[in-house]
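User: I should like to go through a structural model and ask, for each label attached to it, what justifies that label. Please set the values against the criteria.

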Amino acid sequence: MSRTLLVGGAAAALIATAAPSQAAAPQITVPPDKIVIELATVNGSGCREGTAQVAVAPDNTAFTVTYSEYMAQVGPGAPPTAFRKNCQLNLRVHVPNGFTYAIVQADYRGFGFLHPGASGVERANYYFQGMPQTAQRTHTFSGPLDDNWQTSDKTEYADLVWAPCGEKRNFNINTELRVNGGTSSPNATSFMAMDSTDASVNTLYHLAWQTCPAPRA
């Protein structure tokens, strides 16, 4: 029942508000100045205060979220509420002037141990403050499973919603892990984890960038 998480691929998809619609992705201009992302608030049974961290890639093309206590489980000794864990992150994103961003892909990684008859679910959605939430992306896993799991969702460039230019709106990420014992033995422990003591294992959010229109004189 090893819980060593290995680097893998993973899941989720996107957000942002109004930007010019384009059929194909143009050459992306990444901001030269370092972007900064701060955790404004952290809520949820899967990420108590101090157990989630955010880091921005040096080239500004992505950011990662790393959890240290994010695991749903069923079985002997597990509290009745442990079958479902969730995390709601509110991120304060400091974007260089003249740029806007969207989430074009999100990769989730974790480890699962599911007995035959048990199942697990990873679910996520995202939205900018004051805007409608994106549709939830759900991924289901069936036992037997004793391995790393990975999911990945993408959004076509033409369908991206961009952060409003010239406005400061926090970015929200909602995730959930759920385990169902199903027909497995009530004495069997099954779990789905999105946490790791290995800093190289994390959730990766890929950024798309655009320059904002110049202000009208």
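The exchange below takes up the overall fold, the aromatic pairs, the empty spaces and some individual residues.

User: What kind of model is this, and how many helices and strands does the protein chain have?

Analyst: This is a predicted model. The protein chain has 12 strands and zero helices. Of its 217 residues, 49% are buried. Among contacts between residues at least 6 apart in sequence, 83% join residues at least 24 apart.

User: Why is the pair of phenylalanine 99 and tryptophan 209 called edge-to-face?

Analyst: Two criteria apply: ring centres must lie within 6.5 Å for a pair, and planes over 60 degrees apart count as edge-to-face. The centres of phenylalanine 99 and tryptophan 209 are 6.4 Å apart and their planes stand at 90°, so the pair is edge-to-face. Phenylalanine 99 lies in strand β6 and tryptophan 209 in strand β12 (residues 203-211), 110 residues apart, and the pair thus links distant parts of the chain. Both residues are buried.

User: What makes tyrosine 67 and tyrosine 70 an aromatic pair, and of which kind?

Analyst: The structure holds 14 aromatic pairs. In the pair of tyrosine 67 and tyrosine 70, the distance is 4.9 Å centre to centre, with 75° between the planes. The limits are 6.5 Å for the centres and over 60 degrees for edge-to-face, and the pair is accordingly edge-to-face.

User: Are these two tyrosines buried or exposed?

Analyst: Buried means under 20% relative accessible area. Tyrosine 67 has 3% relative accessibility and therefore counts as buried. Tyrosine 70 has a relative accessible area of 0%, so tyrosine 70 is buried.

User: Which residues do ring pairs link into a cluster?

Analyst: The cluster includes Phe63, Phe99, Tyr101 and Trp209, together with Tyr108, Tyr126, Phe128, Phe171 and Tyr205.

User: Which residues line the second largest cavity, and how do they divide into nonpolar, polar and charged?

Analyst: The lining consists of Ile35, Ile37, Phe63, Val93, Tyr101, Leu207 and Trp209. Ile, Phe, Val, Tyr, Leu and Trp count as nonpolar, and the division is seven nonpolar, no polar and no charged. The space in this second largest cavity is about 30 Å³.

User: What is known of the largest pocket and its lining?

Analyst: The largest pocket holds about 400 Å³ of space. β5 (84-94) and β6 (99-114) are the elements that give two or more residues to its lining. The lining has 20 residues, with Val95, Pro164, Gly166, Glu167 and Lys168 nearest the centre of the pocket. It divides into 10 nonpolar, six polar and four charged residues.

User: How do you know that threonine 151 is buried, and what makes its approach to glutamate 122 a polar contact?

Analyst: The relative accessible area of threonine 151 is 8%, which is why this residue is buried, the cut-off being under 20%. Threonine 151 belongs to strand β9 (residues 145-154). Its side chain lies 3.2 Å from that of glutamate 122 in a polar contact, for which the limit is within 3.5 Å.

User: What is notable about the backbone at asparagine 60 and at proline 144?

Analyst: Asparagine 60 has a positive phi of about 65° although it is not a glycine. Asparagine 60 sits in the loop between β2 (52-56) and β3 (62-67), and its relative accessible area is 2%, so asparagine 60 is buried. The peptide bond from glycine 143 to proline 144 is cis, with omega near 5°. Proline 144 is placed in the loop between β8 (137-142) and β9.

Notes:
Residues are numbered from 1 along each chain as its sequence is written. This is a predicted model: local features need pLDDT of at least 70, side-chain atom pairs count only at pLDDT 80 or more; totals for chains, interfaces and linings use all residues. Side-chain values use heavy atoms; hydrogens and water are left out. On a 1 Å grid over the protein atoms alone, a cavity is a set of points where a 1.4 Å probe fits but cannot get out, and a pocket is an open set with protein on both sides within 12 Å along at least five of seven lines; lining residues have an atom within 4 Å of a point. Grid points are joined across faces, edges and corners, and a volume is the space filled by probe spheres set on the points. Helices (H or I, at least four residues) and strands (E, at least two) are DSSP runs, numbered from the N terminus. Buried means under 20% relative accessible area, exposed over 50%, partly exposed in between (1.4 Å probe, protein chains only). A polar contact is a pair of N or O atoms within 3.5 Å; within protein, one must be able to donate a hydrogen and the other to accept it, and residues adjacent in sequence count only if both atoms are side-chain atoms. Rings of Phe, Tyr and Trp (its six-membered ring) pair if their centres lie within 6.5 Å; planes under 30 degrees apart count as stacked, over 60 as edge-to-face and the rest as tilted. Contact means heavy atoms within 4.5 Å.
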